[in-house]
Amino acid sequence: MKFLNWWKNTELDDDLLSLENILGRSLISVVPRQEFIEDLRHGLMNQIPEEVELAISNQKKNIQTGLIVTGGILGGIMIILSGLRGIVSLVGVTALLINWIRQNIQQTRALS
């Protein structure tokens, strides 16, 4: 992942790595007891009230789906209208060119 951060200052990264090395030499890693892990997990899970919904409700899903479908339909209509406008512009430019060419031909015939 270093290649993605080529524009960032690596001096801070070097400082953090040196700090990690110093702490790794100074501190002793401890493996936590399984009872502590279980107690911690149980305590954290009990902090969430029962009435709080962790999943997205069906009503919110329906609203999200409706907004996405509506946005898709409106976007499609805008694309079609832009295409039609482009076609009308091309037809108008073509008609102007044809009229300009006809006028030039008539002027050259009148001069000769």
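**Chat on a three-helix chain**

Tutor: This is a predicted model; pLDDT averages 85 over the chain, and 84% of the residues score at least 70.

Student: Which element has the lowest mean pLDDT, and which the highest?

Tutor: Helix α1, residues 11–26, has the lowest mean, at 86. The highest belongs to α3, at 93.

Student: What about places where the pLDDT is low?

Tutor: Predicted coordinates should not be read in detail where pLDDT is low.

Student: OK, the fold. How many helices and strands are there?

Tutor: The chain has 3 helices and 0 strands. From the N terminus the order is α-α-α.

Student: How much of the chain is buried?

Tutor: Buried residues account for 0% of the 112 residues.

Student: And what is the accessible surface of the chain?

Tutor: About 11100 Å². Carbon and sulfur atoms contribute 65% of that surface.

Student: Which residues make the nonpolar surface patch?

Tutor: Val 69, Ile 73, Leu 74, Ile 77, Met 78, Ile 80, Leu 81, Leu 84, Ile 87 and Val 91. Together they form a patch of about 970 Å².

Student: Take Leu 74. Where does it lie?

Tutor: In helix α3, which spans residues 58–111.

Student: Why does Leu 74 count as exposed?

Tutor: Because its relative accessibility is 52%, and the cut-off for exposed is over 50%.

Student: Switching to charges. How many salt bridges does a search of the whole structure find?

Tutor: The search finds 2. One of the salt bridges joins Arg 33 to Glu 35, with 3.3 Å between the closest N and O atoms.

Student: Are Arg 33 and Glu 35 buried or exposed?

Tutor: Both residues are exposed.

Student: What does the side chain of Arg 41 meet in a salt bridge?

Tutor: The side chain of Glu 38, at 3.3 Å from N to O.

Student: How are Arg 41 and Glu 38 placed in helix α2?

Tutor: They are 3 residues apart in that helix, residues 34–46, so about one helical turn separates them.

Student: And why do Arg 41 and Glu 38 count as partly exposed?

Tutor: Partly exposed runs between the 20% and 50% cut-offs. Arg 41 has 46% relative accessibility, so it falls in that class. Glu 38, at 39%, also counts as partly exposed.

Definitions and conventions
Residues numbered from 1 in each chain as written. Predicted model: local features only at pLDDT ≥ 70, side-chain atom pairs only at ≥ 80, totals over all residues. Heavy atoms only, no water. Patch = residues over 30% accessible without salt bridge, like charges linked within 9 Å, V, L, I, M, F, W, Y side chains within 5 Å. Areas by Shrake-Rupley, 256 points an atom, 1.4 Å probe, with all protein chains shown as cover. Salt bridge = Lys/Arg side-chain N within 4 Å of Asp/Glu carboxyl O. Helix = DSSP H or I, 4+ residues; strand = E, 2+ residues; numbered from the N terminus. Buried < 20%, exposed > 50% of the residue type's maximum accessible area, 1.4 Å probe, protein only. pLDDT = per-residue confidence, 0-100.
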